[in-house]
Amino acid sequence: MIEELFFIEKQAYRKSPVHDIDARAKIILCFAAIVAMVAVPYSPVVFPVGLVFFLLFAILWALSRLSPLVYGKRVLMVVPFGFFLIFVQIFVQNPYYTVYTSIADLPFGIHVYRESVEFASILFVKFLVSISFIILLSSTTRVQDLLEGAGRLGLPAEFSLVLGMMVRYIFVFGYITRKVGESLAARCFSPFDRNLPYRYRLRVLAYTIGTLFIRSYEQGERTYMAMLCRGYGRESHLYIRKKPLARRDLFFLLACMPVVVCTPVIAWLSSQGLL
């Protein structure tokens, strides 16, 4: 997980047309896409809207010059967290339907409903599209640029400062974890080595976790003292300079936002027979 953290930030430092877009434009686009996708009613109209949104994401991902394997790897890391909640829906009679048709009868009185399977599919499309745009944003935008872009969009200065400190300390914690892992590897210790006694492995892991927290606490104290020496106080804020949007950023929004806004509206009007 720690190595994945460094890998994500490393991908954000690459060069491509999407990487060079201002963070504010990408934040607006991703936020609008997620809100639009979530706002689409729970009906089959979600499928064409999700397809258009995913095509837009695929085009932007291709322009970012990132490997599809990077996207696949990150999706596989996130999907299990939402897959269980989506999978459970096929056994539940949710309030979006009035009639239910059982397509499979399982022991203990459990039934699989056709309408619930459709609802789970709709939920999965919403989840996948939303996660895809978040992956696009985090893979093509540096963390510091995200903070500055959010600040320019109106994020309170207190939030920007706290998030900035948290993000920086996460990487410090990652470096400490890597050093501890390298120390264990240099001593030929592996928690999965069956040749070592089970109690011994647990004791070493417990000592390692304790050492990790102690080192993190000490690093936090040193960081805080260094901040105080540099004038940190109650009125301190993250400095964010003013920066107007460039023409390419405006063109990026003008090219993508109509797709995000108009697609759900057109799909819903078509489903209602108004087009």
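**Close-up views of a predicted model**

**View 1. Glu115 is buried, with 7% relative accessibility.** The cut-off for buried is under 20% relative accessible area, so Glu115 qualifies. The model shown here, and in every view below, is predicted. Glu115 pairs with Arg114 in a salt bridge. Their closest N and O atoms are 3.1 Å apart. Arg114 is partly exposed, at a relative accessible area of 47%. Side chains of opposite charge can pair when their charged atoms come close.

**View 2. Asp22, Arg24 and Lys243 are linked in a network of salt bridges.** Within the network, the side chains of Asp22 and Arg24 meet at 3.0 Å, N to O. Are Asp22 and Arg24 buried or exposed? Both are buried. The salt-bridge count for the model comes to 4.

**View 3. Glu148 and Arg152 form a salt bridge in helix α6.** The closest N and O atoms of this pair are 3.7 Å apart. The cut-off is 4 Å, so the contact counts as a salt bridge. Helix α6 spans residues 143-152. Glu148 and Arg152 are 4 residues apart in this helix, which means a separation of about one helical turn. Arg152 is partly exposed, with 22% relative accessibility.

**View 4. The largest nonpolar core holds 40 residues.** Which residues have the most contacts inside this core? They are Met37, Phe53, Leu60, Trp61, Phe133, Phe252 and Val260. Five helices are listed as giving two or more residues to the core: α2 (23-39), α3 (46-63), α4 (68-88), α5 (114-140) and α9 (247-271). Helix α5 gives the most, with 9 residues. In soluble globular proteins, nonpolar side chains tend to be buried together.

**View 5. Phe54, Phe57, Trp61, Tyr71 and Phe133 form an aromatic cluster.** Ring pairs link these five residues. Trp61 and Phe133 also appear among the residues with the most contacts inside the largest nonpolar core.

**View 6. Phe189 and Tyr200 make an edge-to-face pair.** The model has 8 aromatic pairs by the ring-centre rule. In the Phe189 and Tyr200 pair, the ring centres are 6.2 Å apart and the planes stand at 75°. Planes over 60 degrees apart count as edge-to-face, so this pair falls in that class. Phe189 lies in the loop between α7 and α8, while Tyr200 lies in helix α8 (198-229). The pair therefore ties together parts that are 11 residues apart in sequence. Phe189 is buried, at a relative accessible area of 11%. Tyr200 is partly exposed, at 35%.

**View 7. Lys126 places its charged end over the ring of Tyr42.** How far is the charged end of Lys126 from the ring centre? The distance is 4.8 Å.

**View 8. A nonpolar patch on the surface joins Phe159, Leu163, Met166 and Ile170.** Together these residues have about 350 Å² of accessible area. Leu163 sits in helix α7, residues 157-186. Its relative accessible area is 32%. Patch members need over 30% relative accessible area, so Leu163 passes this test. At 32%, Leu163 counts as partly exposed.

**View 9. Arg65 has a positive phi in the loop between α3 and α4.** Its phi is near 60°. Arg65 is a residue other than glycine. Most residues other than glycine have a negative phi. Arg65 is exposed, with a relative accessible area of 55%.

**View 10. Cys188 also shows a positive phi.** The angle is about 60°, although Cys188 is not a glycine. Where is Cys188 found? Its place is the loop between α7 and α8. Phe189, from the edge-to-face pair, lies in the loop between α7 and α8 too. Cys188 is exposed, at a relative accessible area of 68%, whereas Phe189 is buried, at 11%.

**View 11. Val204 lies in helix α8.** Val204 is buried, with a relative accessible area of 15%. How far apart in space are Val204 and Pro156? They are 44 Å apart, C-alpha to C-alpha. In sequence, Val204 and Pro156 are 48 residues apart.

Methods
Residues are numbered from 1 along each chain as its sequence is written. This is a predicted model: local features need pLDDT of at least 70, side-chain atom pairs count only at pLDDT 80 or more; totals for chains, interfaces and linings use all residues. Side-chain values use heavy atoms; hydrogens and water are left out. Patches are made of residues with over 30% relative accessible area and no salt bridge: like charges are joined within 9 Å, nonpolar side chains (Val, Leu, Ile, Met, Phe, Trp, Tyr) within 5 Å. Accessible areas come from the Shrake-Rupley method with a 1.4 Å probe; for residues, only the protein chains shown count as cover. Buried means under 20% relative accessible area, exposed over 50%, partly exposed in between (1.4 Å probe, protein chains only). Rings of Phe, Tyr and Trp (its six-membered ring) pair if their centres lie within 6.5 Å; planes under 30 degrees apart count as stacked, over 60 as edge-to-face and the rest as tilted. A charge sits over a ring if NZ of Lys or CZ of Arg is within 6 Å of the ring centre and within 35 degrees of the ring normal. A nonpolar core is a set of buried Ala, Val, Leu, Ile, Met, Phe, Trp, Tyr and Cys residues joined through side-chain atoms within 4.5 Å.
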